[in-house]
Amino acid sequence: MNQERLKGLDLNLIEAVLTTAAMPDEQSYYDTWQSSLPASVDLATLAFVGGMLADRMAWVFSAGYQVAMRREFSIRSNRWAAFCASEGAQGRPGVTIETSSMGEHCLYGAKTWVAAASVIDDLIVMVGKSHSASFYQIPRDRAGLTIEIPAKDEFLPEMSKGVVLFDGLVLVDGDRLEAPMIKSFPLYEAGSILLAFTGLLYRHGLSEGLAVAKAYAVDMMQVDISDSLAALNAFLTELEMIMLERADVVANIEGWATDYRLVEMYSRLIKRKSRS
C-alpha cells in the first residue's frame with residue numbers, strides 16, 4: 001500500500017458530505033458510498049466518511065471492511081471486494097484448483113461468510129492454507145461462480161453473508177495476486193471498522209468522533225501493525241470513554257442493542273494484541 005494514501009483526514013471532504021436518510025438495505029448503502037466518495041481518497045478519510053454515510057452498524061462494518069481490503073490487497077478502484085477465506089461450514093467442500101482436460105486451471109468448492117455478498121464486485125479467494133496458500137482476484141460475473149444469500153441472522157442483519165460456489169471457474173492470466181501478509185488482516189479490520197464507527201458518531205452529532213479520529217487516524221493506519229498498535233490502543237481508550245460519557249446518544253444508533261458486539265469484538269482483539 002502506498003504511503004501517499006496515509007494522509008490525515010480530508011476535512012474539506014468530510015464537511016462536504018451530505019448524510020442521507022435511512023438506508024435499510026445493502027444496495028442503498030453501496031449506491032450512496034459509490035456516489036459520495038471520489039475514486040482517489042486517503043484510507044483514513046475513506047473509513048471515516050464511510051461511517052458518516054452509514055445509518056446503522058451493518059454499514060459501519062462495510063465501510064471499515066472495504067478500507068481493510070484496500071490496506072491488505074491494495075485495491076485501487078471504487079469496486080467492493082470480499083476476502084473469501086472461510087470454508088468447510090455447512091458440510092460444503094473447501095476450494096481446490098483442478099486441471100481440466102484442456103489444461104485450464106479451474107476452481108471448485110465453496111467459500112462461506114462472504115461479506116456484503118449481494119453487492120460485491122470482486123472476490124479475493126484464498127486457496128490452500130497458511131504459507132502455501134495462493135490468492136486470486138475474481139470478478140463476480142465470471143462464469144463458473146454463483147453466490148447464495150442465506151437467511152438473515154441477528155448480528156448485522158442488514159448485511160448479506162453469502163456463500164460462493166465454484167464449479168469449474170477458469171483462472172486466467174492476471175487473476176493471481178502476490179501473497180499478502182494475512183496475519184495483519186484482523187487488526188486492519190479492527191482499526192478501519194472502529195474508525196468508521198467514529199464517523200457514525202459524528203453523524204449523530206458527537207464532535208468527539210471527529211476529534212478522536214483526527215488525533216489518531218494516521219498513526220493507527222500504518223501498514224506495519226507493530227507501528228500502529230500503540231496508536232490503536234490509545235484510540236480505543238478514548239473511544240470507550242466517549243461511548244461511556246455519551247451512552248444516551250450511542251444507545252439510539254440503529255440496531256445497537258445487538259450490533260454493539262461489533263465494537264466489542266474488535267475492542268477485545270486490539271486489547272489482546274496489545275498485551276501479547
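These are my notebook entries on what I looked up in this predicted model.

**Entry 1: confidence**

I began with the predictor's confidence, and found a mean pLDDT of 93 for the protein chain, with 97% of its residues at 70 or more. Residues 1-6 have a pLDDT below 50, and I noted that this stretch nevertheless has 19 contacts in the model beyond near neighbours in sequence.

**Entry 2: strand E1 and its partner**

Next I looked at strand E1, residues 81-84, and asked whether its two faces are covered or open. Both faces turn out to be covered, since Ala81 and Phe83 are buried on one side, and Ala82 and Cys84 are buried on the other. I then followed the pairing of E1 with strand E4, residues 122-127, where four bridges join the two strands and the direction is parallel. For Phe83 in particular, I recorded Ile124 as the bridge partner in E4.

**Entry 3: cysteines**

Cys84 came up in the strand, and I went on to check for disulfides, of which the count is zero. The cysteine sulfur nearest to that of Cys84 belongs to Cys106, and it is 18 Å away; with a disulfide requiring sulfur atoms within 2.5 Å, Cys84 is in no disulfide. The search from the other end gave the matching result, in that Cys106 has the sulfur of Cys84 as its nearest and is likewise in no disulfide. I also looked up burial for the two residues: Cys84 has a relative accessible area of 0% and is buried, and Cys106, at 3%, counts as buried too.

**Entry 4: aromatic pairs**

How many aromatic pairs does the structure hold? I found 15 of them. In the pair of Phe61 and Tyr65 the ring centres are 5.3 Å apart and the planes lie at 20 degrees, so the pair is stacked. Both residues belong to helix H4, residues 57-73, and they sit four residues apart, about one turn of the helix. Phe61 is buried with a relative accessible area of 4%, and Tyr65 is buried with 5%.

A second stacked pair that I wrote down is that of Phe197 and Trp256, at 5.7 Å centre to centre and with 10 degrees between the planes. Phe197 lies in helix H5 (residues 185-203) and Trp256 in helix H9 (residues 256-275), so this pair ties together parts of the chain that are 59 residues apart in sequence. I find Phe197 buried at 1% relative accessible area, and Trp256 is buried as well, its value being 14%.

I then traced the ring pairs further, and they link Phe61, Tyr65, Phe73, Phe83, Trp113, Phe135 and Phe185 into a cluster. Phe83 of this cluster is the residue that I had already met as one of the buried positions of E1.

**Entry 5: positive phi**

I looked for unusual backbone angles, bearing in mind that most residues other than glycine have a negative phi. Ser74 has a positive value near 55 degrees, and its place is the loop between H4 and E1. With 30% relative accessibility, Ser74 counts as partly exposed. Leu156, also not a glycine, has a positive phi of about 45 degrees, and I located Leu156 in the loop between strand E6 (145-148) and strand E7 (161-170). Is Leu156 buried or exposed? Its relative accessible area is 0%, so Leu156 is buried.

**Entry 6: Asp175**

I turned to Asp175, which is found in the loop between E7 and strand E8 (176-177) and is buried, with a relative accessible area of 4%. Which side chain does Asp175 meet in a polar contact? The partner is Arg142, at 3.0 Å. Setting aside residues up to four places away in sequence, Asp175 touches Phe135, Tyr136, Gln137, Ile138, Arg142 and Val170. Phe135, in this list, is also part of the ring cluster.

**Entry 7: Tyr108**

The last residue I looked up was Tyr108, which has its place in strand E3, residues 105-115, and which counts as partly exposed at 30% relative accessibility. The C-alpha atom of Tyr108 is separated by 5.4 Å from that of Val95, although the two residues are 13 apart along the chain. Leaving out residues up to four places away in sequence, I listed what Tyr108 touches, and the list includes Gly94, Val95, Thr96 and Glu98, together with Phe166, Asp167 and Gly168.

Technical notes. Residues numbered from 1 in each chain as written. Predicted model: local features only at pLDDT ≥ 70, side-chain atom pairs only at ≥ 80, totals over all residues. Heavy atoms only, no water. Buried < 20%, exposed > 50% of the residue type's maximum accessible area, 1.4 Å probe, protein only. Pairing = 2+ DSSP bridges. Phe/Tyr/Trp six-rings, centres within 6.5 Å; stacked < 30°, edge-to-face > 60°. pLDDT = per-residue confidence, 0-100. Contact = heavy atoms within 4.5 Å. Polar contact = N/O pair within 3.5 Å; in protein donor to acceptor, adjacent residues only side chain to side chain.
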